[in-house]
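Visitor: I'm new to protein structures, and I'd like to learn how to read one. Could you walk me through this one?

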Amino acid sequence: MRDGLYGLFKLDQEFLNNEERFWLEMENSGSGDNQWQNETAGFIFVDSTPLKGDTGYVVDAEYVTGFMGDLDNREVLANLLDLPFATSAGQLVWAAIRHFGESGLNLIEGQWTFWVWDAIKYQLTVAVSRNLRDALYLVSVDGCVALSSSIRHLQALPWLPKGFDDLGLLLLLGRAPLRSKLDGRTWQREVISLLPGSIHSIRLGAHTQSIWAKPLQAEEWHGNFDDAVNEMEMRARRAVRNRIRRHKTIAVLLSGGMDSSLLAWLAATELRPDQRLIAISSVASKHSGIQDERRWIEMVAKTLGIEVYYVSPDSDKSVYFPSSQHFDTAESPIHSPRHYLYEKLFAAAYAAGADAILDGCFGEQSLTRSCVNNSVLQNWRRKISHFLQQSKRAFRRWIVADISDLFHIRLSREKRMILPAGMTKKLPANGLSGPSSHRQQAIGFPQGYAKAALNTEMTSINGLRRLLPFRAPELVSLSAALPGKFFDRNGQSRVIVRSILSKHFPPELSMRTDKKPFCPEHLDLLKRNAAVELLKIELYGSLLAWEWIDKEWLCKALQKISLDQADVQTRDVAQATCTALAFLRWQESLRVITKTL
């Protein structure tokens, strides 16, 4: 079972039946202090972190108040509310809501899930932090509300409507402009996902939801470059410290690049004496003859005095079809193109005794950003190129009626037709607008900055907690406030992170300009695996799957890849299409198991 909250609440005052009680306790291996039940409601929270933080619940005459995660400003909040420091995190949050209303949740710092069950009025309130600690899904049917951090777990409820929400699945398979239309919708019928920074209040016949989190704003900045470097370093250290504090053995994903090297130094700096730090690194296979980043990895590890565990991708592992482990943990039809490598990296970390993975993902959107320093002529060329790209997409969508570029995968024509025509007309042709390229102005938020509102940690393969400190909103909002000239100076890019690294590592690391791929063998593996997967593709398909997938296109694309005749877009879309195919098969296998039971 994934970390998170699992609960059932009867708004109609009916008793929980035996099937519902069994569902509530499925796969629970925790002690008695992680669960509560009475005749009409119950919950279990699963927290795999070794050290107990602010997670817990309190029962009084009227309310059952629960909190899961970390409250980073407990003392400040207790003083503000004039409550004892020992007051539980859940009661502090509930007091803030009752005193200040929903806006009081902006006072709560950290990553958390909060819930309160009114046992007299049979009313449920549930809220999640701006940066989700865990995914949380909700379904309400005939007076019963179920909460779960796993859609697969919700599917075991006897009264949950079966089958896909076709439009929800279609939007999830889409690129950022389409995904922006999800608004909490999921691929499972009747199940919604709680949006970051949202609060829900539910009673019989009424369900209200709102976003309490204020929009992320760029800060005002009046300091010089050195001030910016010091402030960014301080905030990065705090972000890492807050995320590793409840873990004992932390494995940092060390690629040898600037993001991961900085993250390794931050973790080593913030490590307590009772904690252990190791590195997990990807290198090319021994006899591949491909250059990798081993030299830089060893330099970082030696400087910090940490042990490195090296992994290479398995030649017999499918690079096109992820294992069920990925879907059991992430439950998404879209995964990283290097899913096969992540599986091995996480397995190595788990075998080495780690309980958490530190990942520098999103660093290029906060600490290691770059400002485009274009001349007037170059800016005009960029604008003209952007206009031509938009015109080409518009022609394909409206004249040729081809909307395939809106999706990560190659869908069947029948499923593409599900998308309402009005929805595509309101979409930007090329996603979000980019940051400012003016070096004297604040650089602004990067494309895709909305990811900063996603999880800053989550349960991943092998039950490890995956920590993403560079997604911390305090880093993203600060970087957006800084002028472009702070990121690129004297012909060098990413100067802020170089300045930090130069104080702690040999100069050749902070001055380097080259970078090998995260997985050096990826393109070679795609080519070598394509012919094999083409022969086996019927085994991966089913009637349900081929309703969604353009099989003819996929077979032709795999053939082109095997002959080294495919462009980058074809390779990416083919691999993503195979991943979606594996997801559909995973769901079909679960339905067979459910029917058997």
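Guide: Sure, and let's start with a word we'll need: two residues are in contact when they have heavy atoms within 4.5 Å of each other. Keep in mind that this is a predicted model. Now take Lys10, which sits in strand 1 (residues 4-10). Setting aside neighbours within four places in sequence, Lys10 touches Phe15, Leu16, Glu20, Thr40, Trp117, Tyr122, Gly143 and Cys144.

Visitor: Is Lys10 buried or exposed?

Guide: The cut-off for buried is under 20% relative accessible area. Lys10 has 7% relative accessibility, so it counts as buried. One of its contacts, Cys144, is buried too, at 3% relative accessibility.

Visitor: How much of the whole chain is buried?

Guide: Of the 597 residues in the protein chain, 53% are buried. The chain has 21 helices and 18 strands. As for contacts between residues at least 6 apart in sequence, 71% of them join residues at least 24 apart.

Visitor: Since you brought up a cysteine, how many disulfides does the structure hold?

Guide: The general idea is that a disulfide is a covalent bond between the sulfur atoms of two cysteines. Here the count is zero. Another cysteine to look up is Cys519, which is buried, with a relative accessible area of 2%.

Visitor: Okay, sheets next. In what order do the strands of the open sheet come?

Guide: Read across the sheet rather than along the chain. Six strands make up this open sheet, in the order 4-5-6-7-11-12, with antiparallel pairing. Strand 4 (56-59) and strand 12 (206-211) are at the edges with a single partner strand each, so each has one side without a neighbour in the sheet. On average, neighbouring strands are turned by 10° against each other, ignoring direction.

Visitor: How many bridges join strand 11 to strand 12?

Guide: Six bridges join strand 12 to strand 11 (residues 198-203), and the two run antiparallel. You can follow the pairing residue by residue: Ile202 is opposite His207 in strand 12, while His200 has Gln209 as its bridge partner there. The hairpin formed by these strands has two residues between them, and Gly205 in this hairpin has a positive phi near 85°.

Visitor: Which strands does helix 3 lie across?

Guide: Helix 3 (residues 89-100) lies across strand 4, strand 5 (63-69), strand 6 (112-118) and strand 11. The helix runs at about 110° to strand 5.

Visitor: And how do I read a helix by itself?

Guide: An α-helix has 3.6 residues a turn, so residues three or four places apart point the same way. Try helix 20 (residues 551-562), which has twelve residues. From first C-alpha to last, helix 20 reaches 17 Å, close to the 16 Å expected at 1.5 Å a residue. Its buried residues are Leu554, Ala557, Leu558, Ile561 and Ser562. Looking down the axis of helix 20, you'd see these buried residues fall within an arc of 135°, so they line one face of the helix. After helix 20 comes Asp564, with a positive phi near 60°.

Visitor: One last stop: where does Gly484 lie?

Guide: Look in the loop between helix 15 (473-481) and helix 16 (495-502). Gly484 is buried, with a relative accessible area of 0%. Sequence distance and space can be read side by side here: Gly484 and Arg369 are 115 residues apart along the chain, and their C-alpha atoms are separated by 9.3 Å.

Technical notes:
Residues are numbered from 1 along each chain as its sequence is written. This is a predicted model: local features need pLDDT of at least 70, side-chain atom pairs count only at pLDDT 80 or more; totals for chains, interfaces and linings use all residues. Side-chain values use heavy atoms; hydrogens and water are left out. Two strands pair if DSSP finds at least two bridges between them. Helices (H or I, at least four residues) and strands (E, at least two) are DSSP runs, numbered from the N terminus. Axes are lines fitted to C-alpha atoms, for helices over the stretch in contact, and angles run from 0 to 180 degrees between N-to-C directions. A disulfide is a pair of cysteine sulfur atoms within 2.5 Å. Buried means under 20% relative accessible area, exposed over 50%, partly exposed in between (1.4 Å probe, protein chains only). The expected span of a helix is 1.5 Å times one less than its number of residues. The arc is that of the directions from the helix axis to the C-beta atoms.
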